[in-house]
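Please look over the chain shown here. The report below takes up its fold in parts.

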Amino acid sequence: RTSSVPRLRSNSPLLRLARVPVPLRFGRATRCLGRARRERNGAMASQSFPVITRCAFGGLGKVSCDKTAKSVRRGSSQGGSRTAPRVNASSSPPTTLGGMCRMDDGTWDGALPPRCRVSKVAGKSPDTKPRRNSTVSEASRKLEAAVSLMSTEAYHCEDIATEETHEAPDFSWTPTGFIPDHENNIIAHLFGGGAACQAEASAEGNQSSQVLFGSDGDEKSDDAAEAAALIAVFESDKPNQEIVTAETTMQQTDVTKEIAPKRSLALSRYKDGTQHGPSTSSEDCEDSEKKEEMEKVVPKMSAEEVVSKPKKKKLSGVPIIFVTSEVAPYSKTGGLGDVCGALPKALAAKGNAVVVVSPLYEEFAGVAPTDFSCQVSLGHETHTIRYWRQHKHGVTYLFVQHSSLQRGGGGKIYGDAEGPYSDNAFRFALLSLSAIEAPLCVPWGELFFGGGVVGAATKKNFTFTSAPVFVANDWHAALTPVFLTARYQSVARSALQNRLDWAPEGSCEAIARATCVTIVHNLFHLGIFPADLYRSLHLPELHGKEWFPSLRWRWGAGRGESMNFLKAGLALSSAAVLVSPTYAKETQTKLLGCGMDGVLRSVGNFGSDADFGVMNGVMSGNLIGVVNGVDLQEWNPGTDIHLAQCYSADLAPGETFTNASTGKTVFDVMAGKAANKASLQRELGLREDPFVPLIGFIGRLDSQKGVDVLLDVVPRLVELGAQVVLLGSGDPGLENGLRQIEMNFPGNAVGWVGFSVPVSHRITSAIDILAMPSRFEPCGLNQLYALRYGTLPVAHKTGGLKDTVTPDVGFPFAPCNRDALCVAMEHAVWTYRNDQPKWQKMRLRAMRKDLGWDVAADKYERLLKRVAAPAPHALNHESLRESNSALAQIRASEDTSSEWKDAEKRAEKTRIRASNAPDRDTREAETTTSEGEDSWARKVQETLKNLLRI
């Protein structure tokens with residue numbers, strides 16, 4: 001912490017010292033131990049009171065030398081003893097030393113490494129040669145020679161200030177750094193019974209004339225106490241306080257030629273009077289009263305207490321706010337609830353602060369009301385929103401309570417028997433507004449960390465690395481980026497600056513910088529609503545700036561305009577995520593883009609809807625695909641409570657063990673699958689046969705899932721000797737098809753109309769083959785569950801199925817028709833019957849795949865950190881005040897008036913970009929290009945696409 005250190009002269013008295021204190025380096029500073037000098041200003045109680053101080057190896061700020069000791073020779077024949085120069089240790093490491101420079105990582109750049117092992121040499125060998133090609137100065141070379149003499153047991157009468165022919169000791173690199181290779185290695189003694197040695201040294205009183213390199217017992221105890229004291233200073237470092245330096249007095253005798261520093265161990269004394277480290281008594285005190293006074297000021301601590309003192313770990317992460325209409329286990333109708341129930345937990349496990357905002361459809365177990373509420377203007381009136389909360393797994397689940405949302409969960413979330421609710425636009429617009437208001441109304445200790453004493457303490461110890469990022473899921477939350485940009489950031493001076501007096505500290509600045517990412521779980525649902533509802537959204541229209549173009553959606557010539565919530569959310573978001581890489585590419589084509597292919601291409605291609613083929617979305621990185629994970633605790637064949645027999649891929653054939661948590665016996669894969677198959681056959685009334693291939697289907701009954709194609713193939717499967725089990729509900733015609741199959745093939749086929757979670761677990765574990773002939777599949781979860789349970793999928797190569805079902809763990813096929821599905825099924829059945837070794841290898845490979853959320857969470861975290869804006873200083877003012885109050889005061893006094901203008905400028909740029917986004921459904925758009933324009937460009941494009949497919 002000092003700016004500069006003078007360079008050592010070649011004739012400096014320091015270089016003529018017979019001994020130099022042993023340095024031990026911790027981190028960026030080194031520390032040494034020496035005897036304290038007399039404090040002339042009266043700050044110290046006694047002239048012999050010692051202190052432990054931080055110093056660099058060469059960080060010697062002052063050198064005062066006795067006039068009578070101008071030349072000190074190690075081999076002097078004169079009698080008596082002489083006092084060596086006294087050295088004032090610096091409180092910070094130097095930047096230069098004897099021609100060497102200190103690097104940023106704390107090492108020294110020079111001819112010799114600053115941390116090296118000094119080999120013992122008895123003296124100068126007659127056949128030694130001077131070291132050549134040296135880049136250090138003469139002074140540093142002499143200093144190295146002086147250090148090397150610390151480890152020798154005898155000296156030769158030789159002046160340290162020799163000529164260039166001086167013999168340098170043998171140095172070698174060591175990974176631990178600069179540790180002299182002598183018996184007083186304090187690191188070795190510290191881990192070899194240092195505490196006992198220190199206690200022994202304390203009992204003996206630490207005589208004032210201890211010899212640094214004396215007998216083995218003395219040096220062990222002395223080094224142990226010394227190391228403990230050094231570590232104590234390092235662990236309890238106070239960076240903002242000045243440290244009183246120590247002065248080391250050294251003595252040389254004619255008989256032993258050894259250095260005997262008169263010192264005893266004590267604490268590092270700070271200017272504020274606090275001291276840290278082990279303490280021992282001193283016999284150099286002038287009288288017993290002063291000694292007792294010192295012992296009162298300096299409490300004694302053991303080495304274990306000093307070393308084991310814990311340091312408080314600083315937490316940091318990105319504030320993430322999920323907005324979703326479903327979150328498992330509270331509300332769920334499909335994969336959306338599963339993802340929003342598992343992904344936030346995975347992100348929170350990585351250290352981020354995560355909140356999930358969802359409607360309170362009904363009272364959920366464990367969810368309690370809070371004292372926080374907000375008022376929002378929507379639909380030509382003001383509505384009061386109350387928040388309910390539950391904090392678990394590091395995630396806060398915040399539920400929005402309003403009468404329009406409380407219509408029941410499950411199948412009543414989006415509609416009833418008569419169809420979707422007519423006010424769904426209002427209901428989910430209310431959800432988006434409530435999510436943005438939450439960080440402005442709820443203190444962040446309550447919002448992110450569960451509140452209470454623990455939440456407040458965590459908030460003080462947490463550093464938000466960025467402004468919040470909102471994650472909108474599907475069209476239900478797609479108005480979140482619309483409201484965030486239009487109703488808050490575009491009018492930041494009126495909507496946010498006016499709340500500074502009562503909003504949580506830093507929340508207004510955080511919302512002004514907030515960004516949004518939209519996740520599309522299923523593009524088939526867009527959120528299309530009449531255009532006359534636009535006024536009910538209360539979007540600002542100042543100076544002719546309208547937000548309707550970002551919502552506009554056209555259906556072709558003469559069909560008018562409407563609002564597309566999902567299109568607006570994608571156009572106003574910083575990035576978009578689809579639930580698999582293949583699905584992200586497929587949705588940018590007319591075939592599977594659901595009319596939104598142009599919008600998605602504009603998100604990934606810097607605002608252009610041009611079709612660049614395989615390069616779509618690659619250059620900007622704003623449109624990516626991430627495969628979902630599975631809950632490894634819920635879907636675990638070794639602990640699943642719904643199974644008749646648990647099994648594990650970690651067990652060899654014939655091995656078993658008892659699970660202590662469930663009390664069940666866990667078998668190997670072959671035994672477990674066979675037991676579950678027999679149990680399911682008995683439960684469903686199928687012919688019990690352990691060798692028959694059992695094929696299953698689990699899912700929603702509609703055309704997207706390809707159930708009609710599967711029903712056409714069932715007769716062929718029964719003909720091959722297989723059994724078929726189908727579970728699901730949905731389209732009435734397909735439900736009748738399931739019943740008809742069961743009637744036509746009794747004992748070999750079962751059609752279960754409905755859905756049951758325990759039954760789905762039992763089917764997944766019992767079947768050998770899972771059929772997934774989906775025409776398109778954004779991600780798919782059933783194939784992931786099947787792989788986890790050792791069931792091999794037969795899946796159409798589309799979307800997430802193409803990314804997860806590869807030939808080494810399944811049987812992909814294309815196209816999605818009866819013939820292709822029959823070929824794939826015949827291949828799977830033949831492999832099961834005729835090549836069991838290959839089948840078992842594929843099964844074990846599937847079960848050992850990493851299907852958890854960690855991989856997906858890493859990709860999401862990288863994207864969220866990339867699009868997030870820097871955190872405003874006010875957001876971390878509380879935690880900064882705890883660590884650095886001076887800097888916190890400086891930050892608090894900064895002018896933030898430009899914050900609101902900058903937010904309005906960013907919002908205007910976003911509005912212009914969204915207004916230029918495609919607004920026409922490509923499925924019904926009229927073709928306006930002439931045949932001449934078509935003839936060449938379209939043929940080339942189709943040829944390239946066909947080559948890519950091949």
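What follows goes from the whole chain to a sheet, a helix pair and a few single residues.

**The chain as a whole**

This is a predicted model. The chain has 950 residues, and 55% of them are buried. It holds 30 helices and 40 strands. Contacts over long sequence separations are well represented. Among contacts with a separation of 6 or more, 73% join residues 24 or more positions apart.

**The nine-stranded sheet**

One open sheet has 9 strands. Its order is β19-β20-β21-β18-β17-β25-β26-β30-β31, and the pairing is mixed. The edges are β19 (368-378) and β31 (623-625). Each of these two pairs on one side only. From one strand to the next, the twist averages 25 degrees.

Four of the strand pairings are set out here.

| Strand pair | Sense | Bridges |
|---|---|---|
| β19 and β20 | antiparallel | 8 bridges |
| β17 and β18 | parallel | 5 bridges |
| β25 and β26 | parallel | 5 bridges |
| β26 and β30 | parallel | 4 bridges |

Individual residues fix the register. In the antiparallel pair of β19 and β20, Ala368 has Arg389 of β20 as its bridge partner. β20 itself covers residues 381-392. The two strands form a hairpin with 2 residues between them. Within this hairpin, Gly379 takes a positive phi near 65 degrees.

Further along the sheet, β17 spans residues 319-323 and β18 spans residues 353-359. Here Pro319 stands opposite Ala353 in β18.

**Strand β26**

Which strands does β26 pair with in the parallel sense? One is β25 (residues 469-473), through 5 bridges. Another is β30, through 4 bridges. On the β25 side, Ala472 has Thr518 of β26 as its bridge partner. On the β30 side, Val520 stands opposite Leu578.

Is β26 mostly covered or mostly open? It is mostly covered, with 6 of its 6 residues buried. Side chains in a regular strand alternate between the two faces of the sheet. In β26, both faces are covered. Thr515, Val517 and Ile519 are buried on one side. Cys516, Thr518 and Val520 are buried on the other. Thr518 and Val520 thus recur from the pairings above: Thr518 is the partner of Ala472, and Val520 faces Leu578.

**Helix α15 on the sheet and against α11**

Helix α15 lies across β26 (515-520) and β30 (575-578). It runs at about 135 degrees to β26.

The helix also packs against another helix. Two packed helices are described by the angle between their axes and the distance between the axes. For α11 (residues 479-489) and α15 (residues 565-572), the angle is about 55 degrees and the axes are 7 Å apart. An angle between 35 and 65 degrees counts as oblique, so α11 and α15 are oblique to each other. Their crossing is left-handed.

Which residues make the contact? From α11 come Leu479, Pro481, Val482 and Thr485. From α15 come Phe565, Ala568, Gly569 and Leu572. By type, these contact residues divide into 6 nonpolar and 2 polar, with no charged residue.

**Single residues elsewhere**

Where is Asp919 found? It sits in the loop between α29 (897-915) and α30 (931-949). Its relative accessible area is 17%, under the 20% cut-off, so Asp919 is buried. Setting aside neighbours within four places in sequence, Asp919 is in contact with Arg552, Trp553, Arg554 and Lys567. Lys567 falls within the residue range of α15, 565-572.

Gly415 is found in strand β22 (residues 415-416). At 9% relative accessibility, Gly415 also counts as buried. Beyond its neighbours within four places in sequence, Gly415 is in contact with Pro420 and Tyr421.

Is Gly733 buried, exposed or partly exposed? Its relative accessible area is 45%, which lies between the 20% and 50% cut-offs, so Gly733 is partly exposed. Gly733 is found in helix α20 (residues 732-744). Gly733 and Asp702 are 31 residues apart in sequence. In space, their C-alpha atoms are 9.2 Å apart.

Note on methods
Residues numbered from 1 in each chain as written. Predicted model: local features only at pLDDT ≥ 70, side-chain atom pairs only at ≥ 80, totals over all residues. Heavy atoms only, no water. Axes fitted to C-alpha atoms, helices over the stretch in contact; angles between N-to-C directions. Parallel < 35°, antiparallel > 145°, perpendicular 65-115°, else oblique. Left-handed = near helix turned anticlockwise from the far one by under 90°. Contact = heavy atoms within 4.5 Å. Nonpolar A, V, L, I, M, F, W, Y, C, P; charged D, E, K, R; others polar. Pairing = 2+ DSSP bridges. Buried < 20%, exposed > 50% of the residue type's maximum accessible area, 1.4 Å probe, protein only.
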